[in-house]
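Dear colleague,

Please find below the structure that I am handing over to you. My notes on what was found in it follow directly after.

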Amino acid sequence: MTPAARLSAAIEVIGTLLAERRPAADVLKDWGRSHRFAGSGDRAALSSLVYDALRRRASAAWIMGERVGEESPRALLLGTLRLARGLDVEAIAALCDGARFAPEPLNADERARLAAASLDDAPAHVRGDYPEWLDAPLAAVFGEARAEEGAALAERAPLDLRVNTLKGGVDKAARQLAHLHPGAGNWSPLALRIALEADGKAPPLTAEPAYLKGLVEIQDEGSQIAAILAAPPRGGQVLDLCAGGGGKTLELAALMDGAGQLYAYDDDLRRLAPIHERVQRAGAHNVQVRSPRGRGPGREDVLEDLTGRMDLVLVDAPCTGTGTWRRNPDAKWRMRPGALVERVKEQAEILDAAVCFVKPGGRLAYVTCSLLDEENVGQVRAFLERHPGFRVVPPAEAVLSLGERGMALREAALDRPEGLLLSPRRTSTDGFFVSLMVRDA
Ligand SMILES: C[S@@+](CC[C@H](N)C(=O)[O-])C[C@H]1O[C@@H](n2cnc3c(N)ncnc32)[C@H](O)[C@@H]1O
């Protein structure tokens with residue numbers, strides 16, 4: 001396909017996605033099925049265009065004189081080429097030449113708007129490319145900087161790897177992946193960072209021998225930091241209560257040097273499923289997966305024997321995922337206020353359920369990939385009111401587990417008494433909130 005034909009396809013996909021309110025991944029998959037002639041390069045370029053348009057949806061619509069919710073797919077794509085791809089009017093006009101499979105030529109109004117491409121008078125939610133209803137919650141956290149925070153969340157994320165120290169060191173991994181030119185992480189001593197190609201494509205990392213042998217895992221640096229700050233004690237007893245596919249479980253196991261016992265649980269059996277194969281690949285011998293059995297009130301309690309025994313319980317809670325918009329731009333436009341209310345309720349329930357496992361003097365680490373106070377500092381404050389036997393470990397103390405880089409991280413992050421908030425703008429990571437609490441001895 002020519003670049004112009006790919007642009008037409010992106011306009012079509014965005015049109016379907018907006019009209020039918022379906023997830024981008026589903027619409028792209030359907031498009032691939034009904035356009036078998038398109039090669040993998042075409043599909044990758046199409047999906048990159050579609051995701052870039054979703055990342056910059058509000059600002060791309062704005063420069064074309066339109067608004068989110070009422071915008072035309074064509075305007076969205078033209079604005080994206082200008083803002084996200086940096087093409088000038090002539091370059092965009094060359095793509096839209098009206099030839100077979102190419103979009104219609106630009107009209108005079110489109111030309112003028114693309115030439116001006118001004119966001120000067122745009123409100124914060126447009127400059128920050130987030131839904132208008134989230135302006136107040138984001139202002140509560142970031143104040144005047146919310147538009148810049150949003151803009152950083154609208155950038156593409158790099159490919160972050162975590163080196164699995166159970167299999168080898170960072171130098172060994174860097175040597176094996178030298179052809180991908182990995183750089184060091186900013187904060188995590190376990191991180192390697194790989195820049196994306198110009199079109200946003202990531203290299204096929206999961207086909208690399210270093211990945212297949214378990215030497216590296218794909219994990220955002222913010223997520224890596226969260227597990228490091230949780231500081232699982234070597235030789236200790238640790239429960240990862242919301243383990244999901246095991247991203248943090250694997251890191252905790254490596255941080256524990258394979259010693260002690262790490263229990264991994266998730267109340268969704270399907271989400272937990274990949275963990276078995278990942279634990280094998282990582283050579284994490286101290287992990288015991290506890291799968292839920294049964295449903296509803298008759299569900300078996302598979303964690304009963306852990307009561308009062310844990311040195312550390314990690315609650316990597318289900319959340320709105322507002323910190324991961326770089327990787328999932330579709331989610332930011334699909335999010336509804338009801339989802340926030342629902343997540344806050346779930347988080348409080350999980351935190352309450354976690355308490356019984358923490359032994360006297362043990363710690364509870366609460367992590368979200370959300371930026372919103374309701375899910376972060378607000379949740380911790382409410383927890384401490386319900387459970388006066390817990391207190392927060394001050395962030396200045398919690399960052400010590402990062403060694404020398406800890407203090408710099410604290411300065412870069414949003415430092416609140418209840419915990420640290422990482423964000424793309426502040427720490428060049430996904431958004432993560434980490435709070436460490438300790439139970440009275
Ligand atoms: C943020 S994800 C976990 C990601 C995972 N820790 C990782 O690092 O890859 C949150 C997880 O919490 C799980 N969850 C939701 N409610 C739960 C509950 N009541 N008990 C345990 N897990 C729960 C979800 O199924 C989901 O997998």
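In this predicted model, 4 strands form an open, antiparallel sheet in the order 2-3-1-4. Its edge strands, each pairing on one side only, are strand 2 (183-184) and strand 4 (216-218). Strand 1 (residues 159-163) runs antiparallel to strand 4, and 3 bridges join the two. Within that pairing, R162 has E217 of strand 4 as its bridge partner. Strands (E, at least two residues) and helices (H or I, at least four) are DSSP runs numbered from the N terminus, and two strands pair if DSSP finds at least two bridges between them.

Two conventions apply throughout. Residues are numbered from 1 along each chain as its sequence is written. Because the model is predicted, local features need pLDDT of at least 70 and side-chain atom pairs count only at pLDDT 80 or more, while totals for chains, interfaces and linings use all residues.

Confidence and division of the chain

The chain averages a pLDDT (the predictor's confidence in each residue, from 0 to 100) of 96, and 100% of the residues score at least 70. For the complex, the predictor gives an ipTM of 0.99 and a pTM of 0.96. The chain is divided into domain 1 (3-122), domain 2 (123-154), domain 3 (159-218) and domain 4 (221-439); these bounds come from an automatic or database domain assignment. The C-alpha centres of domain 2 and domain 3 lie 32 Å apart.

An unreviewed UniProt entry lists residues 149-440 as "domain: SAM-dependent MTase RsmB/NOP-type". That span is 33% helix and 22% strand, with its end C-alpha atoms 37 Å apart. UniProt positions are in the numbering used here, feature names are shortened, and annotations may be inferred rather than shown by experiment.

The ligand and its surroundings

The shell around the ligand has 16 residues, of which C242, G244, G247, D268 and D316 come nearest; a residue counts as near if its C-beta atom, placed from the backbone, lies within 6 Å. By class, the shell holds 5 nonpolar, 4 polar and 7 charged residues. Here Ala, Val, Leu, Ile, Met, Phe, Trp, Tyr, Cys and Pro count as nonpolar, Asp, Glu, Lys and Arg as charged, and the others, Gly among them, as polar.

Helix 14 (247-255) and helix 18 (337-354) each supply at least two residues of this shell. In helix 14, 9 of the 9 residues are buried, so the helix is largely enclosed by the rest of the structure. A residue is buried if 20 or more other C-beta atoms lie within 10 Å of its own, exposed if 12 or fewer, and partly exposed in between, with C-beta atoms placed from the backbone. After helix 14 comes D257, with a positive phi near 60°.

The unreviewed UniProt entry also places the feature "binding site" at D266 and D316. These positions span 51 residues in sequence, yet no two of their C-alpha atoms are more than 10.2 Å apart, so they gather at one spot. D266 lies in the loop between strand 6 (261-265) and helix 15 (269-272), and is buried, with 24 other C-beta atoms within 10 Å.

Strands 11 to 13

Strand 11 (residues 414-416) and strand 12 form a hairpin with 2 residues between them, pairing in the antiparallel sense over 3 bridges. Strand 12 (residues 419-422) is covered on both faces: G419 and L421 on one side and L420 and L422 on the other are all buried. L421 stands opposite L414 of strand 11 and opposite F433 in strand 13. Strand 12 and strand 13 (residues 432-439) run antiparallel, joined by 3 bridges.

Yours sincerely
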